Number of protein chains: 2
Amino acid sequence: MTMSFRKLQGDEIARPSVNDYVRMEKHPVIVMLHNIRSMYNVGSVFRTADATAIERIIITGYTATPPRKEIDKTALGAQESVQWEYFSRPEEVLGKLKDQGFTICGLEIAENSTPYTEVGIENFPMCLVLGNEVEGIDSEVLQFCDYVLEIPQFGTKHSLNVSVAAGIALYEMVKIFRQQQVPVFREISKF
Amino acid sequence: MTMSFRKLQGDEIARPSVNDYVRMEKHPVIVMLHNIRSMYNVGSVFRTADATAIERIIITGYTATPPRKEIDKTALGAQESVQWEYFSRPEEVLGKLKDQGFTICGLEIAENSTPYTEVGIENFPMCLVLGNEVEGIDSEVLQFCDYVLEIPQFGTKHSLNVSVAAGIALYEMVKIFRQQQVPVFREISKF
């Protein structure tokens, strides 16, 4: 017997409105985008941040902020649903987040890194720091991190695209959090 | 005590050469890119396919093939390391892959979908099918699938960027395969 598959269309896909989304409880993860060059990458992270329902995006350094047409092009409206803030200096806001109990995790290829799959419930709330497409996370910012999370790579290239890496890491963080926590979120069938 | 993190530089990051990569054993996963509009998305999937060391990419329909400068811009050389083939009609090659024992999995939002995290070792070798950025996987191609895998989404948007979704799914497939299989691959410390 063959299973029949039918794509779900617009209205059949249960998604919250922007108003409902803004009010609903989020997964306790913040993404920091520090010195990201490409506005398309920024917009793409907004789209993934919406899909993963994380708390907010913190934009620092020379990373562009909405509204910019290049961000909107890949965010596709997620710049309206996802909460964000801008700070020129990442150190200041990272210090405040530490004081509030956040674990600061850089996503980077570094000595003493931890596989991104080995995060535990004790590491939430978490701020996940992403750095420049070529240079990665500035060394001074890296020293603020409690952990460096690394995505293993088996191929010839040194790194992944930053918005792809963000997607891989954010989905893993949300999965780990949801699996180890009594869900307090709206009922959904997946995960 | 604070952990000290130092980014690894070019030569310190152990990566195979293109020649070694082409010869090394790969994870038993093929990605099919059917009717993908954006060459940047195609290139981005090449980069992720290199990082995950999957068998190859099958390009079908109107999806562009290398060499194209837009593909190269996001593949960053992965178009040289990752094996790929082009077929105009996906049905033909999917039939052959089924005969060879591949499980055909569409990545889509559909009735009767399975969470992408619930794949088992019996689903390898796997062909993961990705469809158009707006329309998703053609209905005729969807009927060739043994499973439709779905990435749960908690936000306002209907879908993820296709290259981000590919990254999330490929990393999960490779992780599941490696965790359930006695590793026969070159020694690496992660996962």
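Visitor: In chain B, at about what angle to strand 1 does helix 7 run?

Guide: In this predicted model, helix 7 of chain B, residues 162–180, lies across strand 1 (27–34), strand 2, strand 4 (103–107), strand 6 (126–130) and strand 7 (147–150) of chain B. Taken against strand 1 of chain B, the direction of helix 7 of chain B stands at about 160°.

Visitor: What is the order of the strands in the sheet of chain B, and which strands stand at the edges?

Guide: The sheet of chain B is open and has 7 strands with parallel pairing, in the order 3-2-1-6-4-7-5. Two of these strands have a single partner strand each, so one side of each is left without a neighbour in the sheet. The edge strands of chain B are therefore strand 3 (84–87) and strand 5 (114–115).

Visitor: Which residue in strand 3 of chain B stands opposite Ile59(B)?

Guide: Strand 2 of chain B, residues 54–60, runs parallel to strand 3 of chain B, and 4 bridges join the two. Within strand 3 of chain B, the residue opposite Ile59(B) is Tyr86(B).

Visitor: How do helix 2 and helix 7 of chain B run, roughly parallel or roughly antiparallel?

Guide: Helix 2 of chain B, residues 39–52, packs with helix 7 of chain B at an angle of about 15°, the axes being 9 Å apart, and the crossing of these two helices is right-handed. Since angles under 35 degrees count as roughly parallel, the angle of about 15° makes helix 2 of chain B, with respect to helix 7 of chain B, roughly parallel.

Visitor: How many charged residues are there in the contact of helix 2 with helix 7 of chain B?

Guide: From helix 2 of chain B come Asn41(B), Ser44(B), Val45(B), Thr48(B) and Thr52(B), and these meet residues of helix 7 of chain B that include Val162(B), Ala166(B), Leu170(B) and Val174(B). The residues of this contact divide into 6 nonpolar and 6 polar, and the number that are charged is none.

Visitor: In chain A, which residue of strand 2 is the bridge partner of Val31(A)?

Guide: The sheet of chain A is an open one of 7 parallel strands in the order 3-2-1-6-4-7-5, with strand 3 (84–87) and strand 5 (114–115) of chain A as its edge strands. Strand 1 (residues 27–34) and strand 2 (residues 54–60) of chain A pair in the parallel sense over 6 bridges. In strand 2 of chain A, the bridge partner of Val31(A) is Ile57(A).

Visitor: By what turn can chain A be laid on chain B?

Guide: The two chains can be superposed with an RMSD of 0.0 Å and a shift of 0.0 Å along the axis. The copies are thus related as by a two-fold rotation axis, and the turn that lays chain A on chain B is 180°.

Visitor: How many residues of the side of chain A that touches chain B are nonpolar?

Guide: The contact takes 56 residues from chain A and 56 residues from chain B, and because 100% of the interface residues of chain A are also interface residues in chain B, the copies meet through the same surface. Among the elements of chain A that each supply at least two residues of this side are helix 1 (18–23), helix 2 (39–52), strand 7 and helix 7. Of the residues on the side of chain A that touches chain B, 20 are polar, 11 are charged, and the nonpolar ones number 25.

Visitor: How far apart are the axes of helix 7 of chain A and helix 7 of chain B?

Guide: Helix 7 of chain A passes helix 7 of chain B in a right-handed crossing, and residues including Gly167(A) and Tyr171(A) meet residues including Gly167(B) and Tyr171(B). The residues of this contact divide into 6 nonpolar, 4 polar and no charged. The two helices pack at an angle of about 50°, which makes helix 7 of chain A oblique to helix 7 of chain B, and their axes are apart by 8 Å.

Visitor: Where is the place of Pro125(A)?

Guide: Pro125(A) is joined to Phe124(A) by a cis peptide bond, with omega about 0°. The place of Pro125(A) in chain A is the loop between strand 5 and strand 6.

Notes
Residues numbered from 1 in each chain as written. Chains lettered and ligands numbered in written order. Predicted model: local features only at pLDDT ≥ 70, side-chain atom pairs only at ≥ 80, totals over all residues. Pairing = 2+ DSSP bridges. Least-squares fit on C-alpha atoms with pLDDT ≥ 70 in both. Contact = placed C-beta atoms within 7 Å. Nonpolar A, V, L, I, M, F, W, Y, C, P; charged D, E, K, R; others polar. Axes fitted to C-alpha atoms, helices over the stretch in contact; angles between N-to-C directions. Parallel < 35°, antiparallel > 145°, perpendicular 65-115°, else oblique. Left-handed = near helix turned anticlockwise from the far one by under 90°.
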